Amino acid sequence: MANLEDRQDARSARNGWLLSTPALVLLALAAVGPLFIMLVYSFLVPGKYGNVEWGFSTDGWTGILFSRDIFDDTVKLADAHLTIFWRSIKLSLLTTIFTFAVGFPTAWFIATRPPRARPFWLFLITIPFWTNLLIRTYAINEVIRIEGLMNTILLKLGLITEPLRIIYTDFAVFIGMTYVYLPLMVLPMFAAIDRFDMRLLEAGYDLYATRWQILRRIILPVVKPGIIAGSILVFVPSLGAYVTPRVLGGGKQMMISNFIELQFGQGRNWPLGAALSMLLLVVVTIALLIYVRYANRETSHG
Amino acid sequence: MANRAFSVSRLPGFTVTALAVFAILYLPILTLVAYSFNASQSVAVWGGLTLDWYGKAWANDHVKDATLRSLTIAVSASLISTTVATLAALGTTRRKPFKGQTFIYVMINQPLMVPEIVTAVALLIFFASIKIATGYQGLGYLILAHSAFCVPFAYLPIRARLEGMDFSLETAAADLYASPWQTFRHVTLPLLGPGIIAGSMLAFVISLDDVVITEFVKSGGQDTLPTYMLGQMRRQLTPEINAVSSMLLALTVALLTAFFLLTRKKTN
């Protein structure tokens, strides 16, 4: 009897694998496999006109931080690269913090609507989340560019005499990323607040807690998993953002992604581009692993 | 009861912030759409309503060409990814957890975890050598790449539908001597229908909207609508881009609304 069950289980598992095979083949071919090829390329020698030449070299990896002087062959820290990394990290952190600052009240607002109204507000947040990122970035461009809507209105109102030059600055990229990634912060926080037991607030008020104490001691600790989920969901795509810095940064305010692209264009340094991509992948994977571990701990304790 | 929780849960400034967020979220998009109807070139001047920019976009061969290519890729990628995702969903639900199932999950969801730029670069490298080796430069690469990253988007709604489905109908079919294939064809598949349609629509939208991977994978002259728009944004901007954006936006919102209605039915 047990033997028959074993055989049934084995057949079920085999069917599971068989049915999943086409998807696995597709993903191995056009998503996972190429990552390994990229790893190999990061250890090759750059070709003169792009692509690579076959020969082992760790220059792709050392090139992340150091550059070789073309005249006297001395190796020194590549300041330009560090500037780009620092900008990427700084803007991603600022975006995460600011989306939290405005996203938390928004998530709270949605979660405290009457149950019948809640799907409507949720839908309003979800629509921008699913609409084209390029179009949303372009929409921000329309608002903040020199002859854009904001400057036009401010000039007409006489609040400024000269248009504000926001576009093509770090600040423009920050505004754009905050705008496009905000729904990613609101949705997981809403999920956490939605499960929040509002009776805890009554208990808090009964014990003479102030609003600030209620927020800090009761609400924030309980919805922390949602905050962490939202923060990682915003931080990860911000760090890898390509479209927003390209459109709103105007090519000068590069972030890591644009710098990677450069290596496959004018830079003609594919190994460096491959190494940078691997590094980004590692950083993002670590962030996701921290999140998964944290989420598991939360659920097993809670 | 509800009223009481309502008042307790009020925090100062939260409602104002939230409403401001909603306004700021929609204002730029609405501005973009409004200016696609502006007779004047400049944002500074409202020159009255016109459909000229839509006419111009419609007559623009680049736009027509890119639209056709976008649709070709999105339809192909949606069909391929939905097919493999349906099979994988049938393989990974409603059976005893088996060894390697986590591996399958990780593989299927991989496109959601890896930054787009990383996949884009990896595909650029991989396809560059295939292009050199085979000489083939066609749309196949884009279709293959899109099919792959659409898999999780097609998979998740289908799996959700499968998990919420009633087992007993299939058991009943089997009891009535239906063959496994007949059961699948006449019972499972029709029940799964809304999930498959929802998954394929999501995959279609995701493919249609993709910029980064397409930008890196495409060969010369293979612009899709988003990469064409990205290229245009470097040059001087005319409301023609607004018109193209608005049309793409309308299509996306229509599909997403349909998607939500389809997936909501299940819970009711």
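**Interface between the chains.** I looked first at where the two chains meet, and found 72 residues of chain A in contact with 76 residues of chain B, two residues being in contact if their C-beta atoms, placed from the backbone, lie within 7 Å. On the chain A side of this interface, helix H1 (residues 2-41) gives the most, with 22 residues; helices here are DSSP runs of H or I with at least four residues, strands are runs of E with at least two, and both are numbered from the N terminus. I then sorted that side by class and noted 51 nonpolar, 15 polar and six charged residues, where Ala, Val, Leu, Ile, Met, Phe, Trp, Tyr, Cys and Pro count as nonpolar, Asp, Glu, Lys and Arg as charged, and the others, Gly among them, as polar.

**Provenance.** I keep in mind that this is a predicted model, in which local features need pLDDT of at least 70 and side-chain atom pairs count only at pLDDT 80 or more, while totals for chains, interfaces and linings use all residues. Residues are numbered from 1 along each chain as its sequence is written, and chains are lettered from A and ligands numbered from 1 in the order in which they are written.

**Chain A as a whole.** I noted 12 helices and four strands in chain A. Its radius of gyration is 25 Å, well over the 19 Å that the globule rule gives for 302 residues, so chain A is more spread out than a compact globule; the radius is taken over C-alpha atoms, and the rule is 2.2 Å times the number of residues to the power 0.38. I also looked up the box that the C-alpha atoms of chain A fill along the principal axes, which is roughly 85 × 75 × 35 Å.

**Nonpolar core.** In the largest nonpolar core I found 142 residues, of which Val121(B), Leu123(B), Val151(B) and Val217(B) touch the most other members; such a core is a set of buried Ala, Val, Leu, Ile, Met, Phe, Trp, Tyr and Cys residues joined through C-beta atoms within 7 Å, and buried means that 20 or more other C-beta atoms lie within 10 Å of the residue's own. Helix H7 (residues 170-194) of chain A gives the most to this core, with 16 residues. Following up Val121(B), and leaving aside its neighbours within four places in sequence, I listed its contacts, among them Met38(A), Ile260(A), Phe264(A) and Phe216(B).

**Domains of chain B.** The assignment gives domain 1 (12-50) and domain 2 (60-267), with bounds from an automatic or database domain assignment. I found their C-alpha centres 31 Å apart.

Terms used:
A residue is buried if 20 or more other C-beta atoms lie within 10 Å of its own, exposed if 12 or fewer, and partly exposed in between; C-beta atoms are placed from the backbone.
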